[in-house]
There are 2 protein chains.
Amino acid sequence: MNYFSSDFKLGILGGGQLGKMLLTETRKFDIQTLVLEPSEEAPARYSCNGFYKGSLMDFDTVYQFGKMVDLLTIEIENVNLDALDKLEEEGLPIYPSPKTLRLIQNKGKQKDYYVSNDIPTSPHQRFVDLNDLRNALAKDELEFPFVWKCAQFGYDGNGVKICRSALDLVKLPDVECIAEEMVPFKNELAVIVARSVSGEVKTYPVVEMEFHPEANQVEYVICPARIDEKVAEKATEVALKVSEAFHHVGLLAVEMFQTADDEILVNEVAPRPHNSGHYSIEASYTSQFENHLRAILNLPLGNTDSKVAGIMVNLVGEEGFSGQVVYENIEKIMAIDGVTPHIYGKRETRPFRKMGHVTIVNEDMTEARKIAEEVKNSIRVISTTIE
Amino acid sequence: MNYFSSDFKLGILGGGQLGKMLLTETRKFDIQTLVLEPSEEAPARYSCNGFYKGSLMDFDTVYQFGKMVDLLTIEIENVNLDALDKLEEEGLPIYPSPKTLRLIQNKGKQKDYYVSNDIPTSPHQRFVDLNDLRNALAKDELEFPFVWKCAQFGYDGNGVKICRSALDLVKLPDVECIAEEMVPFKNELAVIVARSVSGEVKTYPVVEMEFHPEANQVEYVICPARIDEKVAEKATEVALKVSEAFHHVGLLAVEMFQTADDEILVNEVAPRPHNSGHYSIEASYTSQFENHLRAILNLPLGNTDSKVAGIMVNLVGEEGFSGQVVYENIEKIMAIDGVTPHIYGKRETRPFRKMGHVTIVNEDMTEARKIAEEVKNSIRVISTTIE
């Protein structure tokens, strides 16, 4: 198949920052792209060959969009799967497949799938709604503390809550959910697996994540993780097993816990380029976005090794600021060697909104970590007006 | 000045591959761009915020375009300078400045400027036209062999000819020109200097170039050049002197000869990102395109050091092929670690047309050089139909 400067058209469902960064690679290879996205102000508005405003959850919209392209991929999981099923039936290649997306879209099904595939994960229970969960508590079938997760459509900290008592249930939405046993863990790790149509597989190095305590968003992603080599090997093996179980094509980001006794438990997966792989743009031989593209087009996968140590800092909107964004001190951090800001292109900041990220690369990890903290303490995502 | 996700607009004159690769960086920073370019099919057609089709040599077109932007830069030297003069007079920041462009646009003036600024360069003579040159030969004021160069608008091998006898003059165009003494040289080197509005200066490592004998286009660019450190230091010093002499803002690519006795002679300069810096996208901490942007926006310059060895191979259209391009064996080279093709986005190939480039990066230069040759011998830029 000739993709380069040809009539071939790749469709992308979703136009956020992941789509935007994927488009950098399609431009590099001159592969034509069409983007479907509900917001006209989306980061991926530019750099595609055609931008279509429309709902990703609407059957007809997704179906009609699919009819215009030669291959379909996603940058967000929450899309109309019935439309994808029909398109796939009619012969359109879709990666990841709607089957995989259906499993992943619902955290309950996802967890059940791990269990039935012998993939280590924390114990969980599924509930059709909040009342169902309350009943389980009443009947002592469920005990505090646990981690409540809404089964579908959670994103970046919305949809996850640690529940220590009945008080924590008060503000929870009444939706299908799961309760996970709280597992004491040393580290949150992630491994990105690239798997191509023909089954070629490569894994990125294990990364280590630190979360912002309030927003439940990743604060630092550190590559390679500063962990024992044996633990890294185990995490990589588990990630490969997950990718295989899902027969996944494209990128699969596997988030895992390293427990107190060095067990690896799968937390959740994302079937696409992922925040935990952004460091790869500057640090790796082949960025996660390029490898997603290579995988779904069945091109040979690129080298997933790192050239240098990489740390990623998310740029999220500061509390108390909404409106036209200002990146305070961005010039200051750009003066530091190996610091690259990525500004996603959202004009309006809001508290905890993901507005961009900064990558810090250095030959020396200790130095990189020091600089990452300096970056984190310097740059502020604020607005021209105060709330 | 707030450039990031703001109303600030950068204008770019020219929409070729250099413009396209510059746009990758403006997207990364979410800086708004407008592009003026005569061809609607240009590589920089996408990824800009506004694309304007129009002549770069037409006063009104360039002037009107300039009135729409907050800062103006170029990706090609051949633009209407009178329009730029007027825009600059009216207060528009233009980098590089029209003064510098006027000096560089004309190779005769450029060479004179080196002489008057004590910058080492090969001896030259200027001629108003071909007849003027013939008269000099007749009067023995000029002798064969020499290098003929048209004074203006030469590009990639057009406009340069080695003249060994009167026969070589037959097909030369009757334009203003220079004749340069032929200097026996060991190496062609280049140094890219980044100089910001406030005068911060950084240089990229010295690169080594090999030219295709027929097309007079660069075949390999090798970074770092495999030369003596003293020679590299001298080349860097000369390049800095040229940048200073021109009071240049932005990138200045300084092409030089290393003579048999290790003298450095300036060949010519390009006041913009340059083919000899393409390797920097994959190999450097900060790509040449990002540093051009940082320089003209007066942001701190990024680290110009390399993470790994880099070699760049140009992809030019093969002789005997015209029409819809096909990149034969592109999958084969993509299977090699550290190999990244860049496809510029020109649908039609023609003999010797620059269609893309491939970067090879590796920790080990010897390995990189071996792979570069494999790449060069594998990939072919051909067409779906034979001429």
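Glu208(B) touches Asn187(B), Glu188(B), Leu189(B), Tyr220(B), Val221(B), Ile222(B), Ala225(B) and Arg226(B), leaving out residues up to four places away in sequence. Keep in mind as you browse that this is a predicted model. Below you will find more on that glutamate, then the contact between the two chains, a set of annotated positions in chain A, and a helix of chain A.

**Glu208 of chain B**

- Glu208(B) sits in strand β11, which covers residues 207–211 of chain B.
- Is Glu208(B) buried or exposed? Its relative accessible area is 9%, and because the cut-off for buried is under 20%, Glu208(B) counts as buried.
- One of its neighbours, Arg226(B), offers a backbone nitrogen that the side chain of Glu208(B) reaches at 2.8 Å.

**Where chain A meets chain B**

- Each chain brings its share to the contact: 50 residues come from chain A and 50 residues from chain B.
- Between them, the two chains bury about 4,000 Å², with 52% of that on carbon and sulfur atoms.
- Which residues of chain A lose the most area to chain B? They are Tyr46(A), Tyr285(A) and Met334(A), together accounting for 15% of what that side buries.
- The interface holds 4 salt bridges, and 17 residue pairs are in polar contact across it.
- The elements giving two or more residues to the chain A side are α1 (17–28), α9 (288–296), β16 (323–328), α10 (330–334), β17 (339–343) and β19 (354–362).
- Of these, β17(A) gives the most, with 5 residues.
- Sorted by class, the chain A side has 21 nonpolar, 14 polar and 15 charged residues.
- For a salt bridge to look up in the structure, try Asp7(A) and Arg347(B), whose side chains meet at 2.7 Å, N to O.

**Positions annotated as a binding site in chain A**

- An unreviewed UniProt entry lists Lys107(A), Lys149(A), Glu180(A), Glu181(A), Met182(A), Val183(A), Glu188(A), Asn267(A) and Glu268(A) under "binding site".
- Glu180(A) belongs to strand β8, residues 177–181, and counts as buried at 4% relative accessibility.
- Beyond four places in sequence, the contacts of Glu180(A) are Lys111(A), Ser122(A), Pro123(A), His124(A), Phe146(A), Val147(A), Lys149(A) and Asn267(A).
- Asn267(A) lies in strand β14, residues 264–270, and is buried too, with a relative accessible area of 9%.
- Setting aside neighbours within four places in sequence, Asn267(A) is in contact with Gln110(A), Tyr114(A), Lys149(A), Glu180(A), Glu188(A), Glu255(A), Met256(A) and Phe257(A).
- With one of these, Lys149(A), Asn267(A) shares a side-chain polar contact of 2.8 Å.

**Helix α5 of chain A**

- Which residues of α5(A), residues 107–116, are buried? They are Lys107(A), Gly108(A), Gln110(A), Lys111(A), Tyr113(A) and Tyr114(A).
- An α-helix has 3.6 residues a turn, so residues three or four places apart point the same way.
- The cover over the buried residues of α5(A) includes α4 (98–105), β5 (124–127), β6 (146–150), β8, α7 (229–245) and β14 of chain A.
- At its N-terminal end, α5(A) is capped by Asn106(A), which places a side-chain oxygen 2.8 Å from the backbone nitrogen of Gly108(A).
- After α5(A) comes Asp118(A), with a positive phi near 60 degrees.

Conventions: Residues are numbered from 1 along each chain as its sequence is written. Chains are lettered from A and ligands numbered from 1 in the order in which they are written. This is a predicted model: local features need pLDDT of at least 70, side-chain atom pairs count only at pLDDT 80 or more; totals for chains, interfaces and linings use all residues. Side-chain values use heavy atoms; hydrogens and water are left out. Contact means heavy atoms within 4.5 Å. Buried area is the accessible area (1.4 Å probe) that two parts lose on being put together, summed over both. A polar contact is a pair of N or O atoms within 3.5 Å; within protein, one must be able to donate a hydrogen and the other to accept it, and residues adjacent in sequence count only if both atoms are side-chain atoms. Helices (H or I, at least four residues) and strands (E, at least two) are DSSP runs, numbered from the N terminus. Ala, Val, Leu, Ile, Met, Phe, Trp, Tyr, Cys and Pro count as nonpolar, Asp, Glu, Lys and Arg as charged, and the others, Gly among them, as polar. UniProt positions are given in the numbering used here, feature names are shortened, and annotations may be inferred rather than shown by experiment. Buried means under 20% relative accessible area, exposed over 50%, partly exposed in between (1.4 Å probe, protein chains only).
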